[in-house]
Amino acid sequence: MICYLFSEPIYFLFSSDVPALLYYTHIPATLIALFVGFYVFWNGKQFLLNRLLFVISIFFSLWTLSTLILWTNIHSDFMMFVWSFSGLILGSISIFCIYFMYVFLSKKDVSVRLRLFFLTLLSPLLFFAPTSLNLSGFNIADCDAFNFEWLPFRIYYSLLGAVAMIWIFILLVKWYRISEFAFKKQIVLMGAGIELFLFSFFGMEFFATYFTKIGLFQDSELELYGMFGMVIFMTYISILVVRFKTFNIKLLATEALVWGLAILIGSQFFFIDVPLNMLLNAITFASSIILGYFLIKSVKKEVKQREELAELNLELNDLLKQRESLVHLVTHKVKGSFTRSKYIFAGILDGTFGDINEEVKRRAQQGLDSDNGGIDTVDLVLNADNLQKGAVKYEMKDFNFKEEVERVISEKELSVEAKGLKLEKNFKEDNYNLLGDSFWLKEVVNNLLENSIKYTKEGKIIVGLNKSEDKILFYVKDTGIGITEEDKKNLFTEGGRGKDSVRVNVDSTGYGLFSVKLIVEAHKGKVWMESNKEGSGSTFFVELNVA
Amino acid sequence: MKINFREHIFSLILTPLIIIICVISYFRFMVYRDYIVEYEGVCDPLVDKCFIGCEDDACTTEYYYTLIQKYAHDLYKECGNDVTDCEEANICLPDDRECSIVYCDVEVDGALCSIPTNGLDNLQNDINVDVGEEDLLQDNDIDI
């Protein structure tokens with residue numbers, strides 16, 4: 001029997017007797033739901049959560065298809081056939097939403113008992129769907145069956161929607177309390193998405209039918225707005241996929257955005273009437289697909305490079321750790337060898353092994369000096385490594401920095417004289433007490449002065465101390481070889497040795513100034529170098545805080 | 001391949017049930033047409049108490065109708081798919097399993113009803129011969 005007051009739809013689903021909003025709400029929502037559901041399913045068929053989302057999107061699509069048929073078609077037999085599944089589809093959406101949330105929250109399947117309970121809840125809808133207790137007749141004048149629906153049946157499946165909302169809400173609250181912080185964010189997103197979907201979907205559907213039945217509305221157009229709930233739900237699902245890798249899928253935000261836009265633009269084809277608009281939409285659609293493809297390709301390339309870099313970084317960290325342990329092993333072995341031979345030479349020199357002639361004495365002294373130099377070098381490298389790792393614990397105490405400087409100068413006087421250099425002190429009278437580790441700050445002074453002696457062939461070295469309010473400025477000025485602009489870049493870096501420095505000092509390790517920098521920075525101070533204005537040589541400055 | 005029934009209990013029960021329901025529904029509605037059809041039947045306001053309908057939103061043109069309910073299977077046999085211009089659709093036949101024609105009831109439907117012209121004449125006559133007014137307003141439902 002046909003609804004004689006209405007015209008036959010074009011292409012099965014397109015009719016001029018329906019509100020334009022019908023296509024605008026149904027088609028994009030269905031396409032998005034199907035796309036997301038299928039994408040999630042395809043990328044993780046083995047996961048129950050993915051399969052359940054797919055089932056929900058299928059039931060939702062069946063619902064939208066059935067409502068499109070009921071709005072546009074005019075054959076009562078076919079419409080009755082389709083209408084008879086409405087309750088079953090809506091009830092299934094409710095039950096599968098609950099099932100889905102259980103699996104999402106607990107990350108495992110529900111018990112057999114609970115699954116049977118779900119089936120029990122669905123059973124009235126299953127058994128009564130094809131009977132007169134669901135639908136008994138059809139009005140071909142109005143082209144609907146609202147007045148022939150059995151009210152208890154209708155109330156039952158609408159109630160299932162409300163039950164699903166309350167049930168899911170209780171689950172969300174329960175799991176939110178016991179979950180870790182990272183998962184709490186996912187619970188909030190998923191919970192908001194599914195609750196908004198159920199509320200808009202069932203709420204609008206119920207009110208639309210109720211108001212139509214009591215005669216407040218002419219038709220159930222209000223239910224069309226409920227479809228937007230699915231778009232919101234799928235948006236939340238996409239966020240979960242992109243941000244939290246939920247559903248075990250690797251999806252880029254760009255991909256989700258491009259495909260979402262393509263679906264929205266593409267779905268406009270179903271409700272555009274004007275040919276020019278159709279053409280413009282086709283151009284926009286094609287452009288968005290092509291540009292989106294290249295955008296995704298370039299973003300994927302970038303992401304791949306980033307992932308490779310991250311992998312390389314991990315490998316590099318491993319290599320650094322290996323190198324570190326190797327350095328420690330080698331330096332300790334070397335230091336042990338130097339120490340053993342040092343004591344042998346010392347023993348020869350102090351007569352432990354009997355009387356020796358002058359030549360042997362001279363050679364033994366050379367050996368002892370060489371060993372001491374070797375031990376100093378190993379200590380320097382080890383110290384730099386420990387300082388860099390943060391393995392050094394500074395004992396911060398109040399001490400007189402000037403006294404430590406004086407002590408270093410007196411220790412170096414012999415070697416200064418041996419090189420024929422002149423050492424001058426330029427200390428302004430003041431209190432040079434500061435809070436710091438005297439041992440390591442002495443190492444700083446020692447290092448800078450040692451460098452100046454090594455790299456100064458002739459002339460003088462000036463060691464100075466100044467104080468201004470809460471800062472102490474220490475400097476070592478020499479008339480040495482100076483530092484080229486190129487070498488300045490490598491100063492204070494790990495293993496950074498200048499070309500000239502290697503030429504003058506073959507034992508240069510490149511760890512001395514690096515250690516100085518680490519120690520000074522640990523004391524919240526500053527270290528820097530300036531070339532002398534008056535000619536050759538350079539000045540190294542260290543600025544330290546008093547407190 | 002062995003399927004674990006307990007693990008797939010949901011789909012193993014639900015899927016066949018849905019298929020069975022589809023088949024039953026198909027036969028009930030598409031093949032046997034086992035449902036009631038309601039539609040607007042022809043009504044003569046000169047004779048019967050008809051419902052008044054509007055041809056357009058502004059209600060510039062009115063039409064008159066009765067509400068008819070028939071068993072879809074019978075109606076299809078009598079008129080085919082389209083009930084318009086089908087004489088049998090407007091009357092209840094002895095072979096019809098379920099059929100009712102509802103006329104307008106002023107007490108229930110009020111202004112939606114038309115009062116038949118001959119009814120007005122009768123009313124005048126009734127007043128003259130002192131006949132009860134309730135006769136005029138009685139329900140004219142015919143059930144077979």
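Biologist: Which residues of chain B does the UniProt annotation "transmembrane region" cover?

Modeller: According to the unreviewed UniProt entry, that annotation spans residues 9-29 of chain B. Keep in mind that we are looking at a predicted model. In this model, the chain over residues 9-29 of chain B is 100% helix and 0% strand, and the C-alpha atoms at the two ends are 30 Å apart.

Biologist: Then let's turn to how the chains touch. How many residues does each chain give to the contact?

Modeller: People often express the size of an interface as the accessible area lost when the parts come together. Here we can go by residues: 27 come from chain B and 25 from chain A. On the chain B side, the elements giving two or more residues are α1 (9-31), β1 (36-42) and α2 (72-79). The most comes from α1(B), with 12 residues. Sorted by class, this side of chain B has 18 nonpolar, three polar and six charged residues.

Biologist: Which strand of chain A is joined to β1(B)?

Modeller: That is β1 of chain A, residues 137-139, and three bridges join it to β1(B). These two strands run parallel. To find the spot in the structure, look for N139(A), which stands opposite E38(B).

Biologist: And within chain B, which strand pairs with β1(B) in the antiparallel sense?

Modeller: Look at β3 of chain B, residues 62-71, which pairs with β1(B) over seven bridges. One landmark there is G41(B), whose bridge partner is T66(B). β3(B) is also joined by four bridges to β2 (residues 51-54) of chain B, again antiparallel, and G53(B) stands opposite Y63(B). Then there is β4 (residues 99-102) of chain B, which pairs with β3(B) in the antiparallel sense over four bridges; L67(B) has V102(B) as its bridge partner.

Biologist: Back to chain A. How many helices and strands does it have?

Modeller: Chain A has 16 helices and eight strands. Of its 547 residues, 33% count as buried. For contacts between residues at least 6 apart in sequence, 69% join residues at least 24 apart.

Biologist: In what order do the strands of the open sheet in chain A lie?

Modeller: A useful idea first: in a regular strand, side chains alternate between the two faces of the sheet. In chain A, five strands form the open sheet in the order β3-β5-β6-β8-β7, with mixed pairing. Its edge strands are β3 (422-427) and β7 (526-531), each pairing on one side only. On average, neighbouring strands of this sheet are turned by 15° against each other, direction ignored. Inside the sheet, β6 (residues 471-478) and β8 (residues 538-545) of chain A pair in the antiparallel sense over seven bridges, and L473(A) stands opposite E543(A).

Biologist: Which helix lies across β5, β6 and β8 of chain A?

Modeller: That one is α13 of chain A, residues 438-455, and it runs at about 20° to β6(A).

Biologist: One last feature: at what angle do the axes of α9 and α10 of chain A cross?

Modeller: The axes of α9 (residues 253-267) and α10 (residues 275-349) of chain A cross at roughly 170° and come within 10 Å. The two helices are therefore roughly antiparallel to each other. Residues of α9(A) that meet α10(A) include V258(A), L261(A) and I265(A), while those on the α10(A) side include F285(A), I289(A) and L295(A). By class, this contact has nine nonpolar, six polar and one charged residues.

Technical notes. Residues numbered from 1 in each chain as written. Chains lettered and ligands numbered in written order. Predicted model: local features only at pLDDT ≥ 70, side-chain atom pairs only at ≥ 80, totals over all residues. Pairing = 2+ DSSP bridges. Axes fitted to C-alpha atoms, helices over the stretch in contact; angles between N-to-C directions. Contact = placed C-beta atoms within 7 Å. Buried ≥ 20, exposed ≤ 12 C-beta atoms within 10 Å, placed from the backbone. Nonpolar A, V, L, I, M, F, W, Y, C, P; charged D, E, K, R; others polar. Parallel < 35°, antiparallel > 145°, perpendicular 65-115°, else oblique. UniProt positions renumbered as here; feature names shortened; annotations may be inferred.
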